[in-house]
Amino acid sequence: MPVDSDSAIAWHRAQLKKLRETLKNIETARFMVGEPAQANRTGKTQKAIAELEQKIRQSQHIIAAYERQTRRPLATDQRSLASVSWSSWNAQTAHGRGGNSR
């Protein structure tokens, strides 16, 4: 797992890990034990799964948006490098380093 300088992104990455583990445990228990006969328990389980999946999607979306903004292109061919807005990248990295250019 990459180290993040942005604590909000680090939190979302940790949440993703926890949420996925919780979802896995619920689904594993559901299939090992079987669905309860009571309809309201089944509804609660489905609701919990839906909420976990929604939280996972939200964290994935936030992390993906962050990575699109901060990552340099991996390809080094001229077409890939020409499509990058280097002025915004240079401004972000200078700001992130505290502006020291000694």
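1. Arg-57 in helix H2. This note on a predicted model opens with Arg-57, a residue of helix H2. Its relative accessibility is 44%, and Arg-57 therefore counts as partly exposed. The side chain of Arg-57 is joined to that of Gln-54 by a polar contact of 2.9 Å. Across the sequence, Arg-57 and Leu-16 stand 41 residues apart, while their C-alpha atoms are 9.0 Å apart in space.

2. Overall architecture. The protein has four helices and zero strands, and from the N terminus on the order of elements is α-α-α-α. Of its 102 residues, 17% count as buried. The protein exposes about 8200 Å², of which carbon and sulfur atoms supply 54%. Among contacts with a separation of 6 or more, 54% are made by residues 24 or more positions apart.

3. Confidence. The mean pLDDT of the protein is 76, and 60% of the residues reach 70 or more. Confidence is highest in H1, at 89, and lowest in helix H4 (residues 86-96), where the mean is 57. The residue-level points of this note concern H1 and helix H2, the elements that also supply the core described next.

4. The nonpolar core. The largest nonpolar core comprises nine residues: Ile-9, Leu-16, Leu-19, Leu-23, Ile-49, Leu-52, Ile-56, Ile-63 and Tyr-66. The elements contributing two or more residues to this core are H1 and helix H2 (39-70). H2 gives the most, with five residues.

5. Leu-16 as a core member. Leu-16 is located in helix H1 and belongs to the nine-residue core. Its relative accessibility is 8%, below the 20% limit, so Leu-16 counts as buried. Leu-16 and Ile-56 are separated by 40 residues in sequence, yet their C-alpha atoms are 5.9 Å apart. Leaving aside residues up to four places away in sequence, Leu-16 touches Ile-56, Ser-59, Gln-60 and Ile-63. Of these, Ile-56 and Ile-63 are also listed in the core.

6. Leu-23 and Glu-27. Leu-23, another core residue, touches Ile-49, Leu-52, Glu-53 and Ile-56, with residues up to four places away in sequence not counted. Glu-27 is likewise a residue of helix H1. Its relative accessible area is 29%, and Glu-27 is therefore partly exposed. On the same basis of counting, Glu-27 touches Ile-49 and Glu-53. The C-alpha atoms of Glu-27 and Thr-45, which lie 18 residues apart along the chain, are separated by 9.1 Å.

7. His-12. Is His-12 buried or exposed? Its relative accessible area is 13%, under the 20% limit, so His-12 is buried. The residue lies in helix H1, and its side chain makes a polar contact of 3.0 Å with the side chain of Ser-59. Apart from residues up to four places away in sequence, His-12 touches Ser-59, Ile-62 and Ile-63. Ser-59 and Ile-63 also appear among the residues that Leu-16 touches.

8. The salt bridge. How many salt bridges does a search of the whole structure find? The search finds one, in which the side chains of Arg-13 and Glu-67 meet at 2.8 Å, N to O. This pair links distant parts of the chain, with Arg-13 in helix H1 and Glu-67 in helix H2, 54 residues apart. Side chains of opposite charge can pair when their charged atoms come close. The two side chains are also joined by a polar contact of 2.8 Å.

9. Accessibility of the salt-bridge partners. Arg-13 is situated in helix H1 (residues 7-33). Its relative accessibility is 12%, which means that Arg-13 counts as buried. Glu-67, by contrast, has a relative accessible area of 22% and is therefore partly exposed. With the limit for buried residues set at under 20%, the two partners fall into separate classes because Arg-13 has 12% and Glu-67 has 22%.

10. Summary of the pairing between H1 and H2. H1 and helix H2 each give two or more residues to the largest nonpolar core. Arg-13 in helix H1 and Glu-67 in helix H2 form the salt bridge. A reader weighing these points should keep in mind that the model is predicted, with a mean pLDDT of 89 in H1 and 57 in helix H4.

How values were computed. Residues are numbered from 1 along each chain as its sequence is written. This is a predicted model: local features need pLDDT of at least 70, side-chain atom pairs count only at pLDDT 80 or more; totals for chains, interfaces and linings use all residues. Side-chain values use heavy atoms; hydrogens and water are left out. Buried means under 20% relative accessible area, exposed over 50%, partly exposed in between (1.4 Å probe, protein chains only). A polar contact is a pair of N or O atoms within 3.5 Å; within protein, one must be able to donate a hydrogen and the other to accept it, and residues adjacent in sequence count only if both atoms are side-chain atoms. Contact means heavy atoms within 4.5 Å. A nonpolar core is a set of buried Ala, Val, Leu, Ile, Met, Phe, Trp, Tyr and Cys residues joined through side-chain atoms within 4.5 Å. A salt bridge is a side-chain nitrogen of Lys or Arg within 4 Å of a carboxyl oxygen of Asp or Glu. Accessible areas come from the Shrake-Rupley method with a 1.4 Å probe; for residues, only the protein chains shown count as cover. pLDDT is the predictor's confidence in each residue, from 0 to 100.
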